[in-house]
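Student: I've got the sequence and the model open. Can we go through it together?

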2 protein chains.
Amino acid sequence: MSPTSPASDEMIQQAIERIWETLPSTWHTVRGQVRRTAVEEFGVTLEQFHVLRHVRGGSATVSEVAEAKQISRSAVSQAVDVLVEKGLLTRVQSRTDRRYVALALTPSGDALLNAVFARNRAWMQAQMAGLAADDAEALLHGLAVLQGLFKNA
Amino acid sequence: MSPTSPASDEMIQQAIERIWETLPSTWHTVRGQVRRTAVEEFGVTLEQFHVLRHVRGGSATVSEVAEAKQISRSAVSQAVDVLVEKGLLTRVQSRTDRRYVALALTPSGDALLNAVFARNRAWMQAQMAGLAADDAEALLHGLAVLQGLFKNA
DNA sequence: CTTAATGATTATATAACTTAACTGTTCCGG
DNA sequence: CCGGAACAGTTAAGTTATATAATCATTAAG
């Protein structure tokens with residue numbers, strides 16, 4: 001098999017520029033939709049929502065969420081306070097090592113995540129109505145590349 | 001010319017999922033790099049940096065920045081206070097309509113933006129080292145599609 | 001055992017917002 | 001014209017999300 005040719009410097013510069021043109025505004029928009037739904041319909045802030053999202057995404061302790069979100073453990077601990085208070089998250093001390101506190105979604109926390117995501121998916125689907133098949137293909141491929149680039153950075 | 005076929009529902013679902021897998025973490029990573037540079041090397045917070053960025057991007061008044069960032073005018077006004085204090089931004093009352101205050105980067109504000117972006121470009125280039133030409137192509141195309149989707153939302 | 005390391009929490013401070021109230025300016029209908 | 005509505009911006013006061021530092025409880029290591 002022939003080795004794939006590397007991208008030119010020029011092309012890489014173009015890609016960087018395009019990333020800056022696209023990511024901040026796009027993520028800001030998507031995030032804004034989630035924020036509105038989360039706040040107005042479910043009474044949780046976007047930050048609280050993201051903590052729940054990380055817990056469901058596999059972060060099972062305060063430290064893991066902090067690591068994933070790149071914020072301090074104490075910030076997470078405080079956010080968890082609120083979420084436990086709201087009945088969306090549980091804290092359970094590990095029996096094998098009692099320093100650890102396992103975080104888990106309550107049924108209503110899980111339902112909240114599902115509901116917010118459902119709303120968001122519907123909204124995104126509306127944005128994507130009429131998307132051409134080849135553009136959708138390009139989107140999938142491009143995002144896969146993007147994901148690979150900054151995964152370990 | 002033949003009409004392009006629309007993307008299937010399934011494909012759209014896949015795209016939505018991929019967006020959620022990619023955007024938050026990628027933007028978080030890129031943003032983190034900018035934050036470190038801005039804070040550690042230039043003494044401005046990420047939020048202040050983004051205000052400067054919007055001013056250079058064409059938002060010339062408090063209201064325009066607020067609109068672009070989707071935050072309140074008062075929040076921008078307060079951020080501008082700090083940036084003026086730091087000598088990165090100027091406020092100049094319009095002579096034709098004195099309600100308006102034109103925001104403009106000072107030379108050092110402009111230099112700061114350039115420097116932070118230069119650092120970021122270098123870092124991103126490093127991340128993208130060895131990127132294959134066809135992957136770069138896919139990235140450009142995919143991001144263009146993404147940008148189009150949420151531009152007016 | 002004692003000390004060090006670890007996970008989590010608490011206390012306290014700060015930055016970045018919000019809403020509400022206010023200032024100054026312009027526009028507009030009478 | 002002039003008096004009020006609309007508008008751009010600021011100021012005041014309160015909230016939220018974060019940080020750092022100190023502390024507690026637990027486990028690991030010498």
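Student: Which of the 25 residues around DNA strand C come nearest?

Tutor: Keep in mind this is a predicted model, where local features need pLDDT of at least 70, side-chain atom pairs count only at pLDDT 80 or more, and totals for chains, interfaces and linings use all residues. Residues are numbered from 1 along each chain as its sequence is written, chains are lettered from A in the order in which they are written, and side-chain values use heavy atoms, with hydrogens and water left out. A residue is near the strand if one of its heavy atoms lies within 4 Å of it. Of the 25, the nearest are A:Ser63, A:Arg91, B:Thr45, B:Ser72 and B:Ser74.

Student: Which residue has a polar side-chain atom 2.9 Å from a base oxygen of DNA strand C?

Tutor: Let's set the phosphate partners aside: A:Ser77 has a polar side-chain atom 2.9 Å from a phosphate oxygen, and for A:Tyr100 a side-chain N or O atom is 3.0 Å from one. Polar contacts here are pairs of N or O atoms within 3.5 Å. The base oxygen goes with B:Gln78.

Student: Are α5(A) and α1(B) oblique or perpendicular to each other?

Tutor: Helix α5 (residues 107–127) of chain A and helix α1 (residues 9–42) of chain B pack with axes 10 Å apart, at about 120 degrees. Under 35 degrees counts as roughly parallel, over 145 as roughly antiparallel, 65 to 115 as roughly perpendicular and the rest as oblique. So α5(A) and α1(B) are oblique.

Note on methods:
Axes fitted to C-alpha atoms, helices over the stretch in contact; angles between N-to-C directions. Helix = DSSP H or I, 4+ residues; strand = E, 2+ residues; numbered from the N terminus. Polar contact = N/O pair within 3.5 Å; in protein donor to acceptor, adjacent residues only side chain to side chain.
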